[in-house]
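Here is a walk through one protein chain, from the meeting of its domains to its ligand and its charged pairs. Keep the structure open while you read.

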Amino acid sequence: MTEAIQISNLSKTYDNGLTALRGVSLVVEEGDFFALLGPNGAGKSTTIGILSTLVRKSDGDVRIFGKNVESHVYETKLDLGVVPQEVNFSQFEKVGDIVLTQAGYYGLTRKVAASRAEKYLKKLGLWEKRNERSRSLSGGMKRRLMIARALVHEPRLLILDEPTAGVDIELRRSMWEFLSELNQSGTTIILTTHYLEEAEQLCRNIAIIDGGRIVEHCSMKKLLAQLDSHTYVIELSDPMTGDIEFGPLVSSSVVLDSQTLEITISANVGMSSLFDLFKKLDLKVQDLRMKSNRLEQLFLTKLEKLEESQLVQ
Ligand code: ADP
């Protein structure tokens, strides 16, 4: 199997002396849907920055589809689409032009560029907005526009940095569906997130990064097996009327107020089953978040283990 990315012993110390990465090694296979999970400041954006050559590494080796990103700048750029965390297009440019301009950077003919722009703006629900200036778009639309722009050259690998940070649940779900379809059609996807539930919903494999070191690199399944249950806080769009019978899927539930619930489910129950259950109960979910920060717990356990093993060596 081809490796979409292969990172060996990557280190980065910024000019101000801050060390962001300390010997990161990571492999993502072609076709994978991969999450790079980690708390703020862990080194996720720095890793992405180095993959897209926006940040210069201090040491190590980085390859995209077998090619070194520094010695094969153009070829690796053709294979890669990046959706950064911050909106970075001109607020005055028109939506359609933003995508067309990007196509120009990759040398696509006007005809191909126009048809790709149409294809991706339609897929991301922005076609009607193509003649409007981007500043008139909502926050969620701006994020979708960044995805359309990153896909215009149809890269084999798409990397998204915190794609759904601050995005409401409805939009988050539609973005997840879009990304899943894209992955099923063959695009390798890597996303960074600090939401375990996002990685859980989408990704087959994960790496956990903390303090610039990889502390876990395994399948999502294996990671979830380490957590036996999840507690979510769910906000509903409308107040509940009467008692709710959740059935066997939910191991416990607590009503916090008329629109807020806390429920615990077994770790092997997928998020989609949970959403299906809410649909069946006719409850509209406004927001959902993990209650206890289990991911943080997991980071701590991993780090403690790592430190112990280093002490032993
Ligand atoms: P994450 O994306 O996981 O939140 P980052 O890669 O942004 O983490 O940051 C990793 C570390 O590197 C942090 O300590 C951060 O403060 C530092 N860092 C990130 N970018 C820069 C920069 N341009 N200059 C100096 N330090 C930076």
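Start where the two domains meet. This is a predicted model, and between domain 1 and domain 2 it has one residue pair in polar contact, with both residues at pLDDT 80 or more. On the side of domain 1 that touches domain 2, two elements give two or more residues: helix H6 (169-184) and helix H7 (196-202). Sort that side by class and you get four nonpolar, four charged and one polar residue.

Now step back to the whole chain. The domain assignment places domain 1 at residues 3-224 and domain 2 at residues 229-294. Nine residues of domain 1 take part in the contact, along with 13 residues of domain 2. The C-alpha centres of the two domains are 30 Å apart.

How much area do domain 1 and domain 2 bury between them? The figure is about 980 Å², and 56% of it is on carbon and sulfur atoms. Look at Ile-169, Glu-197 and Glu-200 in domain 1. These residues lose the most area to domain 2, and together they make up 50% of what the domain 1 side buries.

Charge also plays a part here. Side chains of opposite charge can pair when their charged atoms come close. Across the interface of domain 1 and domain 2 there is one salt bridge by the rule applied. Turn next to Asp-287 and Arg-172. They form a salt bridge, with their closest N and O atoms 3.7 Å apart.

The structure as a whole holds 12 salt bridges. One pair to view is Lys-122 and Glu-118, whose side chains meet in a salt bridge at 2.6 Å, N to O. Both residues belong to helix H4 (residues 110-123). They are four residues apart there, so about one helical turn separates them.

Move on to the ligand. Which residues are around it? Tyr-14, Asn-16, Leu-18 and Ala-20 are among them. So are Pro-39, Asn-40, Gly-41, Ala-42, Gly-43, Lys-44, Ser-45 and Thr-46.

Three of these residues deserve a closer view. Gly-41 places a backbone N or O atom 2.7 Å from an oxygen atom of the ligand. Ala-42 also uses a backbone N or O atom, at 3.1 Å from a ligand oxygen atom. Thr-46 uses its side chain: a polar atom there lies 2.5 Å from an oxygen atom of the ligand.

Methods:
Residues numbered from 1 in each chain as written. Predicted model: local features only at pLDDT ≥ 70, side-chain atom pairs only at ≥ 80, totals over all residues. Heavy atoms only, no water. Domains from an automatic or database assignment. Contact = heavy atoms within 4.5 Å. Buried area = accessible area lost by both parts, 1.4 Å probe. Salt bridge = Lys/Arg side-chain N within 4 Å of Asp/Glu carboxyl O. Polar contact = N/O pair within 3.5 Å; in protein donor to acceptor, adjacent residues only side chain to side chain. Nonpolar A, V, L, I, M, F, W, Y, C, P; charged D, E, K, R; others polar. Near = heavy atom within 4 Å.
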